[in-house]
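Open the model in your viewer and keep the selection tool ready. This tour moves from the whole chain to single residues.

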Amino acid sequence: MAAAGPGPGAEVQALAASVRDFVSGQQDGRAAEVAAGVKDGRWTVLQLVEALGFCLENTDPRMRGRGIQLLSQVLLQCYSLLQEKEVLHLVMFYESRLQDNHLVIPSVLQGLRALSMCEVLSPGLAVSVLKAIFQEVHVQSLPQLDRHTVYSIITNFMSTREEELKGLGANFTFGFIQVMDGEKDPRNLLVAFQIVRDLIAKDYALGPFVEELFEVTSCYFPVDFTPPPNDPHGIQREDLILSLRAVLASTTQFAEFLLPLLIEKLDSELQSAKLDSLQTLTACCAIYGQKELQEFLPSLWSSLRREVFQTASEKIETECLAALRALSACLSRSVLSSDSEDLLDSFLSSILQDCRHHLCEPDMKLVWPSAKLLQAAAGASLRTYHCITHSVLPLLLEQYTKHTQSSQRRTILEMLLGFLELQQKWGNVEEGEDESALLLLQAQICSVVFSALLDPSVQLQLVGIKALTVLGSLQGFLSSSNLELVADHLIRLALHEDSQSSEAAMEAAGSLAPTFPKVFSGHMVPRLKEELQSEREESYHNRHSLQQRCLQALAAVSTHTSIVKETVPILLQHLQKVQKGTEARNTQDMISVCQSLHRVALQCQQDAEGCWYFHQTVVPCLLAMAVQAAMPESTHTLPGKALLEEEVLAAMIPVISAATTHLRPELAAQSVSHVVPLFLDGDVSFLPQNSFPCSFQPFGDGEFLEAQRRLVALLMAFICSLPRDVAIPQQEWLLRELLALSCSCNCPFTATTAAKCFAGLVNKHPAGQQLDEILQLAVNRMEPSLAEGPRRTQALTLLLWLLGLLGDTELGPATADGFSLLMAESPDVLHKGCHADVRIMFRQRFFTDNVPKLVQGFHGAGPDVKANYLKGLSHVLNHLPKPVLVTELPTLLSLLLEALSCSDRVVQLSTLSCLHPLLLEAPQIMSLHVDTLVTKFLNLTSSPTMVCASPPSSLLCPSLLPLVLPSSLSVPGCPHRCPALCPRPYQSAHNSGKCCSTLLPAPACRGAGDSQPPGGQPASISLIKSPFCPTAASIQGPSYPGTGQAFG
């Protein structure tokens, strides 16, 4: 017979034992066991209370506290199981215990928190609990966690018992004020601020306690909080600022107290207080009206004006302007009664009175602050815009005529431009708008802008071009005669003025062309065509420069389909003309045409009609020209065969790619049905002028077909840009031909493009047996070629494009460079713009799979090939996302420091790029290797390969060394933090009391007056002398916290 299970008596005894263990034995784990037993039905809450009887009635407060703690912990896990009557008795029990010893109170509050989450809480109990807490508990004398518990109880009741709490009236608000008063912990403040927001948003009665509620919250304004280091709670100063601001800006009832406070903080010297006050004022304006603002408007305007006129902080100026705009908008939307004063007019009058006269002084420092204030007010509403511009625009036009210096006129026109741009915010200028100052001054504004375009000052021309673009965007502002004049000015500026003005004019033409396509197609395009085809005699340089600008202008203006249909034939016609030419400079001319076609292609991509027109017009024409040039008979008739040069083909690739990527699938399928047979079957029927002297066989054998094989680059551009769902005809045959060509062709350019085309097709090929067979075929073809023979380079190229040879003395350097190819985004094949399958985080996975092998290979390699592993490693790290890089670099730091000694310049530059973020973001790690760093950097500064770098990459990381140099490296009597930084022998340099004047060789330094490096990016640092020397020029950059140093 089976043994009987434990009876009820045994269960009760087990419960009693667990209670004793918890209360007397201090075994906290028993609470979870008891809670599990209650959930499982072994015990009830009533049984637990009975078992706790001995300790709940104990005279020792610690014993009572342990008993209530156990009950509360169980209730926190089992409150959903309670019955209504049980909740009633428990609430009464806990309320009575609020008068107990202070050691018991924390556990009592935890129990009440559990009960506040019960859905079966009887009506009136929530009010009863809160009244008991308000009366019996001095909340701010409790620890932080217990205060947080009280806020949680209030929050729970506000979300579930709202109507009951509102029945308390203003007493509930007063009770909460007592609870919150004096709170200092940021965790609790976030909850308390949310409660205040709910009080206001849910319309709880504030009664006579509005000011008290404001005082208990505004005492934290402005927030002054710095989170401790390694704060596990993650509360930032900005969190508290935004939470408090939401409270202060939540009701108009705070206005009479808040606005004086904001004005007081605005007048303080603390920058953070000013910013917080301005942002809070802007937030308040969203709910305030004239009634709230009336008394304080003069003081607010005075403070805002002072800050904009006097501040050196761009942030404060920006926030002041935003606040002024918000104030003006608030006054604009206020509904007025028939007998009330319109505060907006008087407010704007004050702004005009204080700012308008400064606009007459374009050389004075207050002209721009005044203009910004006026523009901020004008940007608030259409009403404020009309009011301000009626007063300001005539003055600016008058001042433009009055002043004759170009610099003064530029300042005035820039101010005028700011007001013109604001009109765009309010829509088009409509005829019959009596309030519009623009329409009233239309002729004068156009005259001023056109005169700026004729001024010899380039800077004034640029502002005039911007103004012209804005005027053109205001529909109905420019008349037909003005539009023709606009086109004439843009043509002149684009073709014959300074390069800055030329580029700006082209951009303006591109912006205006979609709005006025007939004007530009009928007026500008014919003029550009005439200039492009002009045969007048002049120097090659002048003619070439003019043709370049014509090509660029034709591309820039091609922003409307109707214009594209006129400019594309002109560009193709010019390309054909250049192809037939006999000048040696034809290569560059062809590249220029291709660059213009590429720009047009990009501009057509978002318009389906224009995209298809461009594709079916340009792609067949380019293919036909290339096929004609590749015919054997044409070898001696086309001098230089410029169209087949790598540079020209490389320029044609992006044209075909851009023309293909955005095709609709059905149109792409139509096109691919012609292009693939052209390369596989020699079917030239779809090409224009398709009468060729012999067949086209780019995959055929024979040296005479070498020129035709080069055109596989154009096949790659087309085939790799197709949408993924477009079927490729004869794909298996095409893949085999590309594989064979990539492994057998003697021409590196052809072999590489074939490999890239193969890789692009494989990338989009659906997974399955066919793909496995193709890849196996590629492996079988590559392995023998990689082992030995004359085709090793071609095989390596294909292998790189499909994914060791780092240890190979011949192929090792190329293989190391291949890691850059594998990690970087290919501009013409394997990237998302070409619809390639780019897996998420593929770089991180590549790093995880291959870097350990690189490290292992480095340690096992001979000295003659170690550099290959270092180069491969630096390429991989350089393409990792920066957050991942900073995390992974410390474990590889020793290898990177070794790489700085490598003689390969690519390795040096790549390694410096890797170290740069680590010096910035993990100086504590770098400080452990500071001796090695200093030595390596000093060696680099004298390296011939680094001295020639522009900007000097060898300066990039040394400029950050002050961040990692510990004070322990200083030498008594030496002003340098590390002796190695002194280029002279220590005795001779420092015993004499002299300081070294420079750390770095002069050729490697950029003087303060040097221009920016190529590419338009400012140099990272600007050094005259050593940054480690007390007499050195400063390194411009933000201060690094805690060091007093600056970094570039």
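Start with the whole protein chain: 52% of its 1048 residues count as buried. Keep in mind that this is a predicted model. Colour by secondary structure next. The protein chain holds 51 helices and zero strands. Now switch on the surface. About 46,700 Å² of the protein chain is exposed, and carbon and sulfur atoms supply 52% of that area.

**Stop one: the negative patch.** Select Glu211, Glu212, Glu215, Glu256 and Glu295. Together they form a patch of negative charge on the surface. Which helix gives the most to the patch? Helix α13, residues 210–218, does, with three residues. Zoom in on glutamate 211, which lies in helix α13. Its relative accessibility is 39%, so it counts as partly exposed, since that class runs between 20% and 50%.

**Stop two: either side of α13.** Select aspartate 203, in the loop between α12 (186–201) and α13. Check its backbone: phi is positive, about 65°, although aspartate 203 is not a glycine. Is this residue buried or exposed? Aspartate 203 is exposed, because its relative accessible area is 62%, and the cut-off for exposed is over 50%.

Then pick proline 222, in the loop between α13 and α14 (237–248). Look at the peptide bond leading into it from phenylalanine 221: this bond is cis, with omega near -10°.

**Stop three: a second positive phi.** Jump to glutamine 730, in the loop between α37 (712–719) and α38 (731–744). Phi here is near 55°, a positive value in a residue other than glycine. Glutamine 730 has 33% relative accessibility and so counts as partly exposed.

Note on methods:
Residues numbered from 1 in each chain as written. Predicted model: local features only at pLDDT ≥ 70, side-chain atom pairs only at ≥ 80, totals over all residues. Heavy atoms only, no water. Helix = DSSP H or I, 4+ residues; strand = E, 2+ residues; numbered from the N terminus. Buried < 20%, exposed > 50% of the residue type's maximum accessible area, 1.4 Å probe, protein only. Areas by Shrake-Rupley, 256 points an atom, 1.4 Å probe, with all protein chains shown as cover. Patch = residues over 30% accessible without salt bridge, like charges linked within 9 Å, V, L, I, M, F, W, Y side chains within 5 Å. Salt bridge = Lys/Arg side-chain N within 4 Å of Asp/Glu carboxyl O. Lys, Arg positive; Asp, Glu negative; His and termini not counted. Charge placed at Lys NZ, Arg CZ, Asp CG, Glu CD.
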